[in-house]
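Thank you all for coming. I would like to take a few minutes to walk through a structure that may be new to most of you, so please have a look at it before I go on.

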Amino acid sequence: MENILNKAESSHSLTKEHIISLLSTSEFDNTIFNIANNVRKKYIGDKIHLRGLIEFSNICPNTCFYCGLRGENTSIKRFTLSKDLIIKSAKNAAKYGYKTIVLQSGESKVISDEELCSIISEIKKLDMAITLSIGEKTEEEYKSYKEAGADRFLLRIETTDKELYKKYHPKMNFENRVNCLKILKQLGYEVGTGCLVGLPEQTVKSLADDILFFKEIGADMVGLGPFIPCPHTPLENTGIKNHFVLALKVMAITRILLPDINIPATTAMESLQKGGAFLALNSGANVIMPNVSLYEERENYQIYPNKFIASNDVKTYRENLETELAKIGRFVSKDKGFRAENK
Ligand code: SAH
């Protein structure tokens with residue numbers, strides 16, 4: 001297996017059977033993490049792309065079994081940020097050197113397409129790239145956001161196990177989600193996808209399928225997070241096991257197979273294990289997505305409990321991050337961090 005991994009460092013390919021074997025034992029974990037780190041260094045170097053995250057609404061009609069924002073959860077306070085606050089937050093992030101804003105939300109239409117497009121074009125004036133993470137929309141809608149200036153779209157497939165997908169997303173449809181990813185790609189977005197790792201009943205075989213799916217769909221970015229059981233959801237009493245290492249491994253194997261894509265050290269990793277984001281940066285990741293919204297109620301965007309929330313002060317967070325990154329020989333990139341710029 002060591003030999004197979006060494007070959008994969010330059011061939012960037014592994015069979016499904018090999019991936020399943022690697023995910024089934026902890027014997028090769030350090031080799032996997034080291035090789036993923038080497039691949040990241042060779043294709044991307046030591047720069048880190050920062051993406052300023054603005055979670056602008058937690059209102060959602062969907063009922064994803066794992067997510068705290070699911071419509072049926074009446075225990076959380078719902079909010080939508082005003083256009084002014086979103087723009088103000090983006091301007092503040094731009095001031096501290098952020099080159100990308102990620103706009104994320106639940107899936108209710110709390111802002112009209114017209115208003116969203118005007119927010120997108122306002123932010124574009126700040127010379128920033130824009131990533132949207134607002135779920136499944138029609139082709140026309142995706143097209144209008146692109147024309148307004150959106151550059152990237154993040155839509156995790158969540159799991160490629162169709163049975164499991166159906167079980168945990170009763171109101172949704174797997175084929176439609178895949179189709180959305182294809183449309184986004186055709187429209188010229190840089191497309192991000194990813195999955196949850198450690199969902200109840202999820203198998204390593206299906207995680208291997210997930211990794212191969214990222215390759216097949218031509219993902220430009222892959223975000224992977226350990227599943228964290230969330231109160232007031234159907235899965236609240238499941239998964240006592242900590243899936244941090246498994247998520248890290250799925251991430252590292254993804255890096256080995258997709259050498260030049262963008263891979264974030266996700267908030268869920270940091271939430272589950274203090275220092276987890278930095279472990280991820282040393283195991284294949286090259287992106288961090290700090291929250292940059294100027295909003296005292298960030299706590300209400302609770303997709304899972306004990307979510308890591310960075311200090312409200314964008315400036316201090318940024319300065320501390322720079323110091324911590326320097327300790328591991330990394331630095332914040334000054335470019336917008338498109339996949340092509342990694343080459
Ligand atoms: N509505 C948008 C954004 C969803 S929130 C969309 O569907 O794309 C962003 C991500 O949080 C989801 O894609 C999901 O993978 C993750 N997430 C939700 N609940 C979680 C949980 N309990 N543990 C870990 N990650 C979770």
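Before I name any element, let me say that helices and strands here are DSSP runs, with at least four residues for a helix and at least two for a strand, and that they are numbered from the N terminus. I should also say at once that this is a predicted model.

With that in hand, we can place Asn62, which sits in the loop that lies between strand S2 (52-57) and helix H4 (83-95). Is Asn62 buried or exposed? Its relative accessibility is 12%, and because buried means under 20%, Asn62 counts as buried. The side chain of Asn62 also makes a polar contact, at 3.3 Å, with the side chain of Glu107.

Glu107 takes us to the ligand, since a polar side-chain atom of Glu107 lies 2.7 Å from one of the ligand's oxygen atoms. On the nitrogen side, a backbone N or O atom of Tyr66 is 2.9 Å from a nitrogen atom of the ligand, and a polar backbone atom of Ile228 lies 2.8 Å from a ligand nitrogen. The ligand on its own has 560 Å² of accessible area, and the protein covers 92% of that. In total, 17 residues surround the ligand, and the closest are Tyr66, Glu107, Arg156, Glu158 and Ile228. Sorted by class, this shell has 9 nonpolar, 4 polar and 4 charged residues.

Let me turn to the cysteines. How many disulfides does the model have? The count comes to 0. Cys67 is in no disulfide, and the nearest cysteine sulfur to its own, that of Cys64, is 6.1 Å away. For Cys230, the closest cysteine sulfur is in Cys67, at 7.1 Å, and so the two are too far apart for a bond, given that a disulfide needs sulfur atoms within 2.5 Å. Both of these residues are buried, Cys67 with a relative accessible area of 16% and Cys230 with one of 4%.

Finally, I would like to look at helix H6, which spans residues 139-148 and whose buried residues are Glu141, Tyr142, Tyr145 and Ala148. Why do these four share a side of H6? They cover an arc of only 125° around the axis, and therefore they lie on the same side of the helix. The face of H6 turned away from that buried side carries the exposed residues Glu140 and Glu147.

How values were computed. Residues are numbered from 1 along each chain as its sequence is written. This is a predicted model: local features need pLDDT of at least 70, side-chain atom pairs count only at pLDDT 80 or more; totals for chains, interfaces and linings use all residues. Side-chain values use heavy atoms; hydrogens and water are left out. A residue is near a molecule or strand if one of its heavy atoms lies within 4 Å of it. A polar contact is a pair of N or O atoms within 3.5 Å; within protein, one must be able to donate a hydrogen and the other to accept it, and residues adjacent in sequence count only if both atoms are side-chain atoms. Accessible areas come from the Shrake-Rupley method with a 1.4 Å probe; for residues, only the protein chains shown count as cover. Ala, Val, Leu, Ile, Met, Phe, Trp, Tyr, Cys and Pro count as nonpolar, Asp, Glu, Lys and Arg as charged, and the others, Gly among them, as polar. Buried means under 20% relative accessible area, exposed over 50%, partly exposed in between (1.4 Å probe, protein chains only). The arc is that of the directions from the helix axis to the C-beta atoms.
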